Amino acid sequence: MIGRRVVGAGIGLRLPHLLEVAATRPPVAWFEIHPENFLANPHGREVLEDIARDYPVSVHTVGVSVGSAHGVDRAHLARVAEMVAALDPDLVSGHLAWSTHEGDYLNDLLPLPYTEETLNVVARHLDEVQSALGRTFVLENPSSYVGFAGSTMREPEFLNRLAASSGCRLLLDVSNVVISAHNLGYDPVAYVREIDPGAVAELHLGGFAEEEDPATAEQTILVDTHGAVVDAKSWALYETVLEHLGPRPTLIEWDNDIPALHTLMAEAETARGHLERCHATR
Amino acid sequence: MNTRELTKGLTIASIIAAAAALPAYATPQQGPAKAPSFKSEKCYGIAKAGKNDCAATGNNSCAGHSKVDADKKAWIFVPAGYCERIVGGNKSAM
Amino acid sequence: MRLAEVQDALREIVTADPARPIVSLRGATALAGQLVGGVRPSVRLAVHRRHYRASLLEALRTKFPATAWLVGEPTLVAMAEEFVQQHPPRRPCIAEYGDSFPQHLAARLGETLPYVPDFALVEWQLGQVSVAVDAPPLTLDTLSALAGDDEVLARCRVTVQHGWRVLPVRWPVERLFERFFTGDDTTPTEMAPASGHLLLRGARGEVTLERVAPDRARLLGALLEGLTLAEALASVPDETRASLLLAELIAGGAITALDARRPAQDLPSC
């Protein structure tokens with residue numbers, strides 16, 4: 001329903017499932033959508049607005065590039081803001097990353113060095129975004145393949161400081177922590193323990209793929225494909241996250257090789273089990 | 001009915017009369033000439049209207065990386081699609 | 001390094017020709033020593049390069065399946081690779097990427113496969129109208145109620161269903177689309193130049209496409225462009241024919257509203 005809170009385990013609502021969800025109204029706690037999938041899709045938008053009457057929704061942006069040195073794409077931000085106003089989602093989120101540069105749209109989420117300069121740039125853009133949306137923005141930790149020697153702080157500290165200074169909240173993607181920790185050689189549990197619990201509004205879980213590091217066959221990298229079931233490592237870290245933070249709305253992300261709706265719902269059920277156990281032990 | 005002219009000789013009344021004399025159309029799909037109608041969800045439509053997501057691409061899904069031929073133009077002159085079944089349609093035939 | 005410089009370098013690496021190894025790129029040189037991760041972090045940027053290119057190619061393949069059927073998958077992919085390199089996206093909405101792909105096909109294939117540009121252009125528009133929603137059309141009753149205001153009505157503009165398009169073509173590509181949609185790709189088709197106009201109508205996943213007479217195309221085209229009713233009707237010399245064409249458009253549900261924009265300074269709006 002318009003304005004209802006997201007609670008429990010939800011799933012990403014992808015275009016191939018849109019008509020099925022509208023027709024069958026399955027027992028899903030909440031849905032998350034990418035607004036960019038609906039900006040040039042009036043039929044999709046019509047169906048989505050119908051669905052949103054009966055489910056809490058969250059809007060997860062892909063193209064709001066808060067990390068771009070040359071600024072957020074204002075035209076895109078305005079289009080997203082219009083959709084947000086119409087849907088009145090419980091949460092609106094995006095990525096700690098950048099994708100636009102001098103008019104080019106680099107269809108990917110690119111890495112940022114964690115420096116005071118980056119902090120100022122992102123904080124300024126968060127102010128702009130939150131102003132345009134008229135609400136709090138929720139910022140997701142990225143999946144990283146490279147880091148920067150010039151970084152003066154670790155990612156959790158960077159995120160915590162952004163939340164504190166801009167009033168944004170955090171979307172902790174548990175699988176991204178697994179991925180980045182593997183790729184950059186740090187301890188994912190230490191990462192989780194450093195995140196400010198009060199700042200976290202939402203959790204993500206998604207599938208990834210392990211492949212050879214392009215630089216050497218002797219190492220592997222984890223790639224954030226969102227194309228598979230949630231890995232055991234992610235579920236284990238999720239337990240740790242729930243111990244550290246308490247329960248949070250959790251989203252299952254599956255964007256590639258999209259399976260049947262019931263498969264996504266089964267993943268959400270697993271997350272729900274973890275959340276319930278977490279409640280019980282508090 | 002008012003008969004003031006829309007353009008020379010043409011009035012709303014005449015248009016309404018013309019429209020009223022036409023067979024009733026239940027839906028816009030039944031156009032003035034019966035047009036073939038296609039359910040396009042297989043190729044277009046709601047599920048295909050652009051996949052914006054935040055997923056990376058795994059190694060086994062980058063099938064688009066065909067090797068660039070030295071002589072790029074060669075294969076353009078030898079299409080392998082329905083074009084093979086088209087008679088005429090070449091500049092030489094124009 | 002300043003953030004903008006880091007992003008310049010990464011942008012260059014992500015968008016560079018895939019045939020060029022990362023280590024050979026200016027951006028990689030600029031970032032030398034700046035990156036960490038594994039034994040050669042700049043090479044790991046291949047993940048970003050790959051996603052950028054593969055996702056855009058996939059977007060174009062998804063948008064032009066009929067063109068892929070027509071020219072064959074290898075040709076379509078090669079044309080798409082060129083297009084991605086020469087005309088990268090400028091907006092964060094991939095659903096809108098590819099509207100100038102038909103022009104690229106015209107430049108590259110137009111000489112040898114002259115019907116392909118028309119075909120691709122129609123395909124792009126088919127994709128657009130298939131996700132349109134239609135609105136309740138203006139009825140004859142509404143029009144009757146305005147019968148006393150011919151002078152005002154003459155200066156009105158109209159809103160046409162968002163899923164309707166009129167496209168000029170030089171080839172009978174509608175015959176190819178019929179083959180594509182019916183799956184009949186074994187019988188040959190004869191293609192000879194045939195200039196005219198196609199009317200596309202789509203809503204909620206259903207589309208029609210048909211060739212229409214020049215005067216019908218002109219009238220509808222004029223209304224789509226935002227000309228007034230009088231201006232649009234003036235494009236049809238014969239008055240009886242003009243009224244019939246407009247009547248058919250109305251009866252066919254083309255018109256959803258009389259535009260509320262002020263038609264002229266000294267006249268009331270419609």
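Let's start at a single residue: A:Asp88 has a relative accessibility of 31%, so it counts as partly exposed. That label follows because buried means under 20% and exposed means over 50%, with partly exposed in between. Keep in mind that this is a predicted model. A:Asp88 sits in the loop between α3 and β4 (91-95) of chain A. Its backbone is worth a look too, since A:Asp88 is not a glycine and yet has a positive phi, near 45°.

Now jump to another loop of chain A, the one between β12 (216-223) and α8 (232-245), where you'll find A:His226. Here again a residue other than glycine takes a positive phi, this time near 50°. Is A:His226 buried or exposed? With a relative accessibility of 2%, A:His226 counts as buried.

A positive phi also turns up in a hairpin. Strands β5 (residues 98-101) and β6 (residues 104-110) of chain A run antiparallel and are joined by 3 bridges. A:His101 has A:Asp104 of β6(A) as its bridge partner. There are 2 residues between the strands of this hairpin, and A:Glu102 has a positive phi near 50°.

Next, the barrel. Strands of a sheet pair through backbone hydrogen bonds, and they can do so in parallel or antiparallel fashion. In chain A, 8 strands with parallel pairing form a closed barrel, in the order β1-β2-β3-β4-β7-β9-β10-β13. On average, neighbouring strands of this sheet are turned by 30° against each other, ignoring direction.

You can trace some of the individual pairings. Strand β1 (residues 9-12) of chain A runs parallel to β2 (residues 31-33) of chain A, with 2 bridges between them; A:Ile11 is opposite A:Phe31 in β2(A). Further round, β7 (residues 138-140) of chain A is parallel to β9(A) and shares 3 bridges with it. In that pair, A:Glu140 faces A:Leu171 of β9(A). Strand β9(A) is also joined by 4 bridges to β10 (residues 200-206) of chain A, again in parallel, with A:Leu170 opposite A:Val200 in β10(A). How many of the 5 residues of β9(A) are buried? The count is 4, so strand β9 (residues 169-173) of chain A is largely enclosed by the rest of the structure.

Back to α3, now for its helix packing. Two packed helices are described by the angle and the distance between their axes. For helix α2 (residues 42-51) and helix α3 (residues 74-87) of chain A, the axes come within 11 Å and cross at roughly 35°. A:Arg45, A:Leu48 and A:Glu49 make the contact from α2(A), while α3(A) contributes A:Glu82, A:Met83, A:Ala86 and A:Leu87. Sorted by class, this contact of α2(A) with α3(A) has 4 nonpolar and 3 charged residues, and no polar ones.

Finally, over to chain C. The domain assignment splits out domain 1 (1-44) and domain 2 (135-270) of chain C, and their centres, taken over C-alpha atoms, are separated by 52 Å. Helix α14 (residues 239-251) of chain C has 13 residues and spans 18 Å from first C-alpha to last, close to the 18 Å expected at 1.5 Å a residue. Among the buried residues of α14(C) are C:Leu245, C:Leu246, C:Glu248 and C:Ile250. The buried residues of α14(C) pack against elements of two chains: α1 (12-20) of chain B, and α9 (140-145), β3 (164-169), α12 (214-225), α13 (229-234) and β7 (255-258) of chain C.

Definitions and conventions
Residues are numbered from 1 along each chain as its sequence is written. Chains are lettered from A and ligands numbered from 1 in the order in which they are written. This is a predicted model: local features need pLDDT of at least 70, side-chain atom pairs count only at pLDDT 80 or more; totals for chains, interfaces and linings use all residues. Side-chain values use heavy atoms; hydrogens and water are left out. Buried means under 20% relative accessible area, exposed over 50%, partly exposed in between (1.4 Å probe, protein chains only). Two strands pair if DSSP finds at least two bridges between them. Domain bounds come from an automatic or database domain assignment. Axes are lines fitted to C-alpha atoms, for helices over the stretch in contact, and angles run from 0 to 180 degrees between N-to-C directions. Contact means heavy atoms within 4.5 Å. Ala, Val, Leu, Ile, Met, Phe, Trp, Tyr, Cys and Pro count as nonpolar, Asp, Glu, Lys and Arg as charged, and the others, Gly among them, as polar. The expected span of a helix is 1.5 Å times one less than its number of residues.
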